[in-house]
Amino acid sequence: SPGQGRPVEICVIPGDGVGVEVIAAACRVLDAVTRAGGPRWVRTEHAAGYAAYRETGEPLPRATVEAAQQADGVLVGAMDAARIPGGLPQPIRALRRELETVASLRRCRTLPGVPAPSGPLDVMVVRELTEGFYAGVEYPVGNDGACAVRVVTREASARAARIALQCARERSCKVTAVHKRGAMPLTDSLFLTAVSEQASSFPDVEYETKNVDACAMEMVRAPQAFDTILCTNAFGDILSDLAAGLAGGLGLAASGCVGDRWAYFEPLHGTAPDIAGQGVANPLAAILSAALMLAHLGHHSWSTVVEESVADVLGAGGPLTADLGGDATTSDVAGAVCRRVVARA
Ligand code: ATP
Ligand code: MG
C-alpha cells in the first residue's frame, strides 16, 4: 500500500519523436497505479538520442548512464539514431552495453478487439542479445566474398536460458529452445547442450527443442502451443517480429532488455517521424512495456492490473488511436487506461 517502503526510483529516458509522447503516457499510468494503492515512484528524466546529441554533443550522456545504473527501473522511449553523425556511438547499443543486458524479452499477446491472423496467443520470446549472427564479426574474403561469424558460447547461452526458464515459471512453465542444428551442428549443439543443462535445474518447466523453420510455421498455424521461446540472437530477432505481427502489430509490442544487474523496458516501435509531435501515437506498447517493468520489479499484481486495463480499453472498443482504426489522441487512450487501473484496483 502507498506509504509502505521507500519509493521506487524510475529513470525515464523519453528519447526522440513519439518516444517522448508515449513515455509521458506510460508515466501517467504509473501514477494511476500509485493512486490505486500501488507503489510510489520517484521519476527522473534523462536525455539520450538525437535531442541529447544536439544539446550536449553526446548521444548517450554519462549522467544518463549513471542514472540508469542506480535506478530501480528504467523506461525508454525510442531514439533517433539516423540523424546522429556516423562515428558517434549508437545510443541504444551503448545503453545495452553499459547496462550489460544479455537478453531481450518480447511479450506478444493477443488483446480483445485487435485482429490476430492466427487466433489467440500469449508468447514470450527471449532473445540472446550479445552474440550469435549479430556478434559483429564480419570480414571480406577476397574481392567477391564475405564472411559473418556466428558466435555461440556456453556462458551466454546458459545465461539466456536461465532468464527464459525463470520467465516460464511465471507463465505456463514451458520453454521451446529454437535451433538449426542440422545446418549448424557445432554452434547449435553447444547452444542446446548449455540450455538443456540449465533446464535440468528447472524440473517444473517443460522443455522442448524445435528447428527454427518448423517453429516459424507452427507459430503461424498454432501459436497457442507456445509459451516461452528461447532463441539465439538472429532467430530471436525474426521470430519475435513474427510473434508481434501475429499478436496485432507494432502499436502493442512491449519489450525489455535484461541482464544480471540492470534492465530497461521500451516499446518495440521507433520514433515514428511521420506522426511525431501530433499527439496521436498509440501509447499502448509503452504502457505494456511499463507493465513488463512492474513485473520485473516484483510488482506482479500491478503489472497484471495494467495489462488487464489495456485489455479492458481495447475490449470496450476504445478510445483507439488511428493505427487501430480510431481517431483518439495519445492522451485520450492514456486517460482511459488510467481510469481502468483505478477502477480495477
Ligand atoms: P525509427 O527509425 O525510429 O525506427 P521508423 O521510421 O522506422 O523510425 P517506426 O517507429 O519504426 O518508424 O514506425 C514504423 C511505422 O509504424 C510508421 O509509419 C509509424 O507511424 C508507425 N508507428 C510506430 N509506432 C507507432 C505508434 N506508437 N503509434 C502509431 N503508429 C506507430
Ligand atoms: Mg523502425
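Colleague: At what angle do helix α5 and helix α6 pack?

Modeller: In this predicted model, helix α5 covers residues 154-169 and helix α6 covers residues 185-199, and their axes lie 8 Å apart. The two helices are oblique to each other, because an oblique pair is one whose angle is neither under 35 degrees, nor over 145, nor from 65 to 115. Their crossing is right-handed, and the angle at which they pack is about 45°.

Colleague: How many nonpolar, polar and charged residues does the contact of α5 with α6 have?

Modeller: From α5 the contact draws on Arg-154, Ser-157, Ala-158, Ala-161, Arg-162 and Leu-165, while α6 brings Leu-190, Phe-191, Ala-194, Val-195, Glu-197, Gln-198 and Ala-199. Sorted by class, these residues come to eight nonpolar, two polar and three charged.

Colleague: Is α9 roughly parallel or roughly antiparallel to α10?

Modeller: Helix α9 spans residues 284-296 and helix α10 spans residues 300-315, and their axes are 7 Å apart at an angle of about 160°. An angle over 145 degrees counts as roughly antiparallel, and therefore α9 stands to α10 as roughly antiparallel.

Colleague: Which residues of α10 make the contact with α9, and is the crossing of these helices left-handed or right-handed?

Modeller: The crossing in which α9 passes α10 is left-handed. On the side of α9 the contact is made by Leu-284, Ile-287, Leu-288, Ala-290, Ala-291, Leu-294 and Ala-295, and the residues of both helices together divide into ten nonpolar, two polar and one charged. The residues asked for on α10 are His-300, Trp-302, Ser-303, Val-306, Glu-307 and Val-310.

Colleague: Which residues of α9 make the contact with α1?

Modeller: Helix α1, residues 18-35, and α9 have axes that come within 8 Å and cross at roughly 45°, and the two are therefore oblique to each other. This crossing is right-handed. On α1 the contact is made by Val-22, Ile-23, Ala-25, Ala-26, Val-29 and Leu-30, and on α9 by Ala-285, Ala-286, Ile-287, Ser-289 and Ala-290.

Colleague: How many charged residues does the contact of α1 with α9 have?

Modeller: When the contact of α1 with α9 is divided by class, ten of its residues are nonpolar and one is polar. The number of charged residues there is none.

Colleague: Which residues come nearest to ligand 1?

Modeller: There are 19 residues around ligand 1, and by class this shell divides into ten nonpolar, six polar and three charged. Those that come nearest are His-269, Gly-270, Thr-271, Ala-272 and Asn-282.

Colleague: Which residues does a cis peptide bond join?

Modeller: Most peptide bonds are trans. In the loop between α10 and α11, where α11 is 330-344, one finds Pro-319. The cis bond has an omega of about 10°, and the residues it joins are Gly-318 and Pro-319.

Colleague: What is the phi of Glu-100?

Modeller: Most residues other than glycine have a negative phi. Glu-100 is found in the loop between α4 (91-98) and β4 (103-109), and its phi is positive, near 50°.

Colleague: Where does UniProt place the feature "domain: Isopropylmalate dehydrogenase-like"?

Modeller: The feature comes from an unreviewed UniProt entry. Over the stretch concerned the chain is 41% helix and 20% strand, with end C-alpha atoms 22 Å apart, and the record places the feature at residues 9-337.

Note on methods
Residues numbered from 1 in each chain as written. Chains lettered and ligands numbered in written order. Predicted model: local features only at pLDDT ≥ 70, side-chain atom pairs only at ≥ 80, totals over all residues. Near = placed C-beta within 6 Å. Nonpolar A, V, L, I, M, F, W, Y, C, P; charged D, E, K, R; others polar. Axes fitted to C-alpha atoms, helices over the stretch in contact; angles between N-to-C directions. Helix = DSSP H or I, 4+ residues; strand = E, 2+ residues; numbered from the N terminus. Left-handed = near helix turned anticlockwise from the far one by under 90°. Contact = placed C-beta atoms within 7 Å. UniProt positions renumbered as here; feature names shortened; annotations may be inferred.
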